[in-house]
Amino acid sequence: MVSSLVDQVVILTGAAGGMGSAIARTLHRIGARILLADHNEDATSRLSSSLDPTGERVISIGYDASKSSDAEAVVSTCIAHFGHIDHVVPAAAIFEGQPFATMTDTQWRRTMSVNLDGVFYICRRSTPHIRPGGTIVTIAGSAAHEGCSPEHAHYGASKGGILAFTKSLARELSPGIRVNAISPGTIVTPMVEEVLLQNGDKFLSNTPAGRFGTGEEVANAVAFLCSSASSYIMGQTIHVNGGSYMGG
């Protein structure tokens, strides 16, 4: 059973996305106070207002994950409004298709700068302010374990980097801060609509659950890892994929 996060403060990046908004709603429901950050400032502001019109428990900020200065602004805004940080969920990511044979340096760097550098930036700036017993929950993915779909080598590489980063942080920051990862499988969100149109039947045939996942199912796993219910879990990855990846 997930414990309450009443009065605990969460920084959530990528908050306007399909998974990010589901995570925001779930954490808000169990009592958290949240700073929502996303490059889509208007959508993030609307989400914040829908959760908390008063702006007392939920606030939002525009955010480019590829810029370290934006990470600094997120952290300083959070501290100014809430006074401290308990949990960081760096969920900002991009998923852009490009065949490896024609992938440019710029396209590679764009994905790595958002998906991997951005996680470093926000974690590095947040960590000094996270209270003892707090957590970092990163978002990896099935691509980190078994490679990604065609035309997404840069995405797979960035998510593989997140796994190694997560385990390294867990060793370095424990026991004061617990660090774990979530690896979603095929989750129905706007970010993967095009891929599902092309390869959805194939992905579904490899999913024992017989369906794709929802953002809420990922959010529930994030909430568990933020809560005291997971107090003895460190450096681990929870797979939320309907059985499509079982390891070996």
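This is a short tour of a predicted model, from the whole chain down to one strand and one loop residue.

**Whole protein**

Start with everything shown as a cartoon. You should find 8 helices and 7 strands. The radius of gyration is 17 Å, close to the 18 Å that the globule rule gives for 248 residues, so the protein is as compact as a globular protein of that length. Align the view to the principal axes: the C-alpha atoms fill a box of roughly 45 × 40 × 35 Å.

Now switch on the surface. Its accessible area is about 11,400 Å², and carbon and sulfur atoms account for 52% of that. Of the 248 residues, 49% count as buried.

Colour by charge next. There are 17 positive and 21 negative charges, and their mean positions lie 7 Å apart.

Contacts come next. Take those between residues at least 6 apart in sequence: 74% of them join residues at least 24 apart.

**Strand 6**

Select residues 177–184. This is strand 6, and it is mostly covered, with 8 of its 8 residues buried.

Show the side chains. In a regular strand, side chains alternate between the two faces of the sheet. Here Ile-177, Val-179, Ala-181 and Ser-183 point one way. Arg-178, Asn-180, Ile-182 and Pro-184 point the other way. Are these residues buried or exposed? Both sets are buried, Arg-178 and Asn-180 included.

**The neighbours of strand 6**

Add residues 130–139, which form strand 5. Strands 5 and 6 run parallel and are joined by 6 bridges. Pick Thr-135 and look across to strand 6: which residue is its bridge partner? The partner is Arg-178.

Then add residues 237–240, strand 7. How many bridges pair strand 6 with strand 7? There are 4, again in the parallel sense. To see where the two strands meet, centre on Ala-181, which stands opposite Thr-237 of strand 7.

**The loop after strand 6**

Follow the chain out of strand 6 towards helix 7, residues 193–205. Stop in the loop between them and select Val-188. Val-188 has a relative accessible area of 51% and so counts as exposed, since the cut-off is over 50%. By contrast, the residues of strand 6 are buried.

Keep Val-188 selected and add Met-19. The two residues are 169 apart in sequence. In space, their C-alpha atoms are 8.8 Å apart. Draw that distance as the last stop.

Note on methods:
Residues numbered from 1 in each chain as written. Predicted model: local features only at pLDDT ≥ 70, side-chain atom pairs only at ≥ 80, totals over all residues. Heavy atoms only, no water. Buried < 20%, exposed > 50% of the residue type's maximum accessible area, 1.4 Å probe, protein only. Pairing = 2+ DSSP bridges. Rg over C-alpha atoms; globule rule 2.2 N^0.38 Å. Contact = heavy atoms within 4.5 Å. Areas by Shrake-Rupley, 256 points an atom, 1.4 Å probe, with all protein chains shown as cover. Lys, Arg positive; Asp, Glu negative; His and termini not counted. Charge placed at Lys NZ, Arg CZ, Asp CG, Glu CD.
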